[in-house]
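Trainee: Hi! Could you walk me through this model and help me read it?
Mentor: Happy to, have a look at it first.

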Amino acid sequence: MAAVDIVGVRKAFGATEVIHGVDIAIADGQFVVLVGPSGCGKSTLLRMLAGLESITDGTISIDGKVVNLVPPKERDIAMVFQNYALYPHMSVFDNMGFSLKLRGAPKAEIDRRVKEAAAILDLDRLLERFPRQLSGGQRQRVAMGRAIVRDPKVFLFDEPLSNLDAKLRVAMRTEIRALHQRLRSTTVYVTHDQIEAMTMADKIVVMHDGRVEQIGEPLELYDRPDNLFVAGFIGSPAMNFLPGRIEAGAGPRFVSDGGVSLPLVAPPGGVGSGIDGRPVVLGVRPEHLHLADEGAAAEVLVVEPTGSEIQVFTKLGGADVMAVFRERHRFRPGDRIRVAPLPGQIHLFDAESGRRLVP
């Protein structure tokens, strides 16, 4: 195990810069998830960490040693890919032990390490099978086992669950998290799925357009997003946004462009004097809306019962707003309801910069 430090890292392909000065500190034994939409640079950053892409500027250190010019095989890392990358003509045992064989490890050591990894991943009975005889989840476990037997300083995962069905993805992310808790290995995991990030990470790095938008623990990002992008990306269903302005008056209020008026507990900090008329965007998560007689009027458009909750899509002040209720309401399209945010669950963002305004 080892700490990983990414300092001022940039990556350019010709005149096109795709990674813009990224700084990330990963502690020894930490499980860090790089998350963001397609094209945000997360996989490119992981490949630079693995040594599969060159670094235009900045440094990457593993266990205190700068590895910018160190070949991949000498970085003491193991990578699990999205497409398994198993040798079809080799058995599970041979696939898992192949890297050790290339190193010239003694046969007894290969046998011991492969069987230890197989026991951890519940592959004991499958060691003589070939990849074509395995399910998708079993193949991914073999790919993980191949990484485990190397006993690397750092594990790298590049969207390893993308090819699995929804039920198997849930099971596999639990297995990967349990594996990390058992091995306490430094792990960097790339995904575009924010649910994977929230459920697996010790620390999340949210990326967008080659830049780091926010770094923090899962619930920290969920409860206190730094900007509109993080607020909209983290959380499922996504946060609702209403553009509008602050009105000071006798007590501060938010008034949306569609005329929805909501009281504010206190004027947001960090906006200086003259907050009256300040353009802002109000954010509220669907589960933080509740039915209230004094709430804002909304028209029900679509109702989606999921079993544990009811997702209600509404039109509120001209904006599309989603509410989630745990209670069994019998709403129908066209119904008129009144909703209000729970106290203390409103987020305000500057309309121009998108930055969070501290309440």
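Mentor: We will talk about the domains and then the cavities.

Mentor: This is a predicted model, where local features need pLDDT of at least 70, side-chain atom pairs count only at pLDDT 80 or more, and totals for chains, interfaces and linings use all residues. Residues are numbered from 1 along each chain as its sequence is written, and side-chain values use heavy atoms, with hydrogens and water left out.

Trainee: Cool. Which domains does the assignment give for the protein chain?
Mentor: Domain 1 (4-232) and domain 2 (237-357), with bounds that come from an automatic or database domain assignment. Their C-alpha centres lie 38 Å apart. The contact (heavy atoms within 4.5 Å) takes 10 residues from domain 1 and 11 residues from domain 2.

Trainee: And what area is buried between domain 1 and domain 2?
Mentor: About 990 Å², and carbon and sulfur atoms give 51% of that. Buried area is the accessible area (1.4 Å probe) that two parts lose on being put together, summed over both. On the domain 1 side, Y222, L228 and A231 supply 51% of the area buried against domain 2, more than any other three residues.

Trainee: How many salt bridges are there between domain 1 and domain 2?
Mentor: The count is 0, taking a salt bridge as a side-chain nitrogen of Lys or Arg within 4 Å of a carboxyl oxygen of Asp or Glu.

Trainee: New topic! How many cavities of 30 Å³ or more does the search find?
Mentor: It finds 2 in the whole structure. On a 1 Å grid over the protein atoms alone, a cavity is a set of points where a 1.4 Å probe fits but cannot get out, and lining residues have an atom within 4 Å of a point. A volume is the space filled by probe spheres set on the points.

Trainee: What lines the largest cavity?
Mentor: There are 13 lining residues, and L242, L262, V284, L289 and L316 lie nearest the centre. That cavity holds about 80 Å³ of space. β18 gives the most to its lining, with 3 residues; strands are DSSP runs (E, at least two residues), numbered from the N terminus.

Trainee: And which residues line the second largest cavity?
Mentor: F31, F155, F157, I176, L179, H180, L183, S185 and T187. The largest share of that lining, 4 residues, comes from α5, a helix being a DSSP run of H or I with at least four residues. The space in this second largest cavity is about 60 Å³.

Definitions and conventions
1 Å grid on protein atoms, 1.4 Å probe; cavity = no way out; pocket = protein on both sides within 12 Å on 5 of 7 lines; lining within 4 Å.
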